[in-house]
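The following exercises are to be worked with the sequence and the model side by side. Each task is followed by a solution in steps.

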Amino acid sequence: MRQLLIILLLLLTMTVIGTLGIHFTTEKSWMESTYLAIITMTTVGSREAPDANDTDAMLFIMGYLVFGGGVFAYGAFTLGQMIVNTKFRQFWEQRKMNGRISSLKGHYIVCGMGRMGTDICEYLADRKQPFVVIDRDLEVLNEIESKQNWLFLHGDSSEDDVLRLAGIEQAKAIATTLPTDADNLYVVLSARMLAPNIQIVARASDDNAIVKLMRAGATRVISPFSSGAVKMARIMLNPSIEDFLEVTDSLGSDLELVDLLVKEGGSCDGKKLSETDFRQRGVIVIAIRRPGEKPLMPPPGTATICAGDSLLVFGSSPEINKLLAENS
């Protein structure tokens with residue numbers, strides 16, 4: 001920006017000097033003098049500026065043409081170089097970012113950087129979870145790049161090619177928080193076709209949209225208005241519990257409540273609950289969910305944990321993250 005201002009100042013200065021010189025040496029009007037100064041500096045003059053018999057005017061025009069043309073050529077070259085360098089830098093940075101995105105596995109995708117999308121990204125970033133942002137507003141993405149070290153893609157998140165670039169096949173979940181229900185519906189359809197087993201969380205504005213998004217393949221649909229109303233009701237009925245939940249969910253909190261899927265060969269696969277080191281690690285198993293069976297809540301210590309079980313666990317963030325890594 002500073003270099004651009006210097007170039008503009010030089011060009012303006014040369015235009016003023018040329019206007020003054022031509023006006024006083026040829027006695028032409030100010031408008032005509034300005035016109036002649038500009039076409040002379042840009043070397044596209046269409047007629048002679050001074051009277052052929054006026055030596056002073058000819059000397060001034062020759063000197064002005066040399067210096068003014070030089071300044072103009074320098075300005076044009078520098079501006080062109082700045083534009084090319086900016087485009088090349090953006091291309092190279094996006095290429096490097098695409099390489100980082102392609103190496104991700106088990107990450108999250110967030111479509112739309114509105115208020116809700118930004119909150120989701122901040123939540124994931126606070127918990128050091130890998131994610132990719134997709135948005136059509138390049139200015140918003142550039143602002144993210146300048147303030148946050150988040151991975152992003154510029155494009156339409158409902159397009160298959162963009163979702164593939166974001167690693168939809170390797171992603172763990174995708175959240176779509178676009179402004180309209182129609183846009184979110186397209187994203188849900190595209191994501192479900194590309195990754196049949198991915199978890200899809202979608203934003204909806206009304207009950208009709210919730211039904212359509214669920215039929216399109218969304219795993220969960222969130223309506224900000226209804227969820228906010230339910231939370232207000234819970235606060236009225238159980239203020240102490242809500243205070244506790246607010247503490248555990250606040251920024252910088254060291255507690256997490258997650259759904260842990262037990263993988264075959266994981267650290268707790270084939271063990272009884274009493275044989276695990278959950279208690280020593282400060283982790284509480286609230287429930288065990290098994291496909292086709294009723295959840296065990298609370299689970300007895302004699303319950304055997306098997307691959308495919310989902311454990312609802314509560315504990316400190318470092319230990320929870322270790323468990324997720326051990327069973328990934």
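**Exercise 1. Classify Val 140 by accessibility and locate it relative to His 154.**

Solution. The model is a predicted one.
Step 1. Val 140 has a relative accessible area of 26%, so this residue counts as partly exposed.
Step 2. The class follows because partly exposed covers the range between under 20%, which is buried, and over 50%, which is exposed.
Step 3. Val 140 belongs to helix H5.
Step 4. From Val 140 to His 154 the C-alpha distance is 9.8 Å, and the two are 14 residues apart in sequence.

**Exercise 2. Describe the overall make-up of the chain.**

Solution.
Step 1. Eleven helices and nine strands are assigned in the chain.
Step 2. Of the 328 residues, 36% are buried.
Step 3. Consider contacts between residues at least 6 apart in sequence: 59% of these join residues at least 24 apart.

**Exercise 3. Determine the surroundings of Asp 181 and decide whether this residue has a salt bridge.**

Solution.
Step 1. Asp 181 lies in helix H7, which spans residues 181-194.
Step 2. Asp 181 is buried, and the nearest side chain of opposite charge is that of Arg 203, 5.1 Å away.
Step 3. A salt bridge requires a side-chain nitrogen of Lys or Arg within 4 Å of a carboxyl oxygen of Asp or Glu. Asp 181 accordingly has no salt bridge.
Step 4. The side chain of Asp 181 does make a polar contact of 2.4 Å with the side chain of Ser 205.
Step 5. Leaving aside residues up to four places away in sequence, Asp 181 touches Arg 203, Ala 204, Ser 205, Asp 206, Ala 209 and Leu 213.

**Exercise 4. Count the salt bridges, then analyse the pairs formed by Arg 136, Asp 259 and Asp 309.**

Solution.
Step 1. Side chains of opposite charge can pair when their charged atoms come close. The count for this structure is nine salt bridges.
Step 2. Arg 136 pairs with Asp 183, with 3.5 Å between the closest N and O atoms. Arg 136 is in the loop between S2 and H5 while Asp 183 is in helix H7, so this salt bridge ties together parts 47 residues apart in sequence. Arg 136 is partly exposed at 48% relative accessible area, and Asp 183 is partly exposed at 23%.
Step 3. Asp 259 pairs with Arg 289, the closest N and O atoms lying 2.5 Å apart. Because Asp 259 is in strand S7 (residues 255-261) and Arg 289 in strand S8 (residues 284-289), the pair ties together parts 30 residues apart in sequence. Both partners are partly exposed: Asp 259 has a relative accessible area of 39%, and Arg 289 one of 43%.
Step 4. Asp 309 pairs with Arg 290, with 3.2 Å between the closest N and O atoms. Both residues lie in the loop between S8 and strand S9 (310-316), and the pair ties together parts 19 residues apart in sequence. Asp 309 is buried, with a relative accessible area of 3%, whereas Arg 290 is partly exposed at 23%.
Step 5. Arg 136, Asp 156 and Asp 183 are joined into one network by salt bridges that share partners.

**Exercise 5. Find the aromatic pairing in the model and characterise its geometry.**

Solution.
Step 1. The count comes to one aromatic pair.
Step 2. Phe 131 and Trp 150 form this pair, with ring centres 5.5 Å apart and 65 degrees between the planes.
Step 3. Planes over 60 degrees apart count as edge-to-face, and the pair of Phe 131 and Trp 150 is classed as edge-to-face.
Step 4. Phe 131 is in strand S2 (residues 131-135), and Trp 150 is in the loop between helix H5 (138-147) and strand S3 (151-154); the pair links distant parts of the chain, 19 residues apart.
Step 5. Both Phe 131 and Trp 150 are buried.

**Exercise 6. Examine the cysteines Cys 268 and Cys 306, and the peptide bond before Pro 298.**

Solution.
Step 1. The whole structure has zero disulfides.
Step 2. Cys 268 is buried, with 2% relative accessible area, whereas Cys 306 is partly exposed at 35%.
Step 3. Most peptide bonds are trans. The bond from Met 297 to Pro 298 is cis, with omega near -10 degrees.
Step 4. Pro 298 is located in the loop between S8 and S9.

Terms used: Residues numbered from 1 in each chain as written. Predicted model: local features only at pLDDT ≥ 70, side-chain atom pairs only at ≥ 80, totals over all residues. Heavy atoms only, no water. Helix = DSSP H or I, 4+ residues; strand = E, 2+ residues; numbered from the N terminus. Buried < 20%, exposed > 50% of the residue type's maximum accessible area, 1.4 Å probe, protein only. Lys, Arg positive; Asp, Glu negative; His and termini not counted. Polar contact = N/O pair within 3.5 Å; in protein donor to acceptor, adjacent residues only side chain to side chain. Contact = heavy atoms within 4.5 Å. Disulfide = S-S within 2.5 Å. Phe/Tyr/Trp six-rings, centres within 6.5 Å; stacked < 30°, edge-to-face > 60°.
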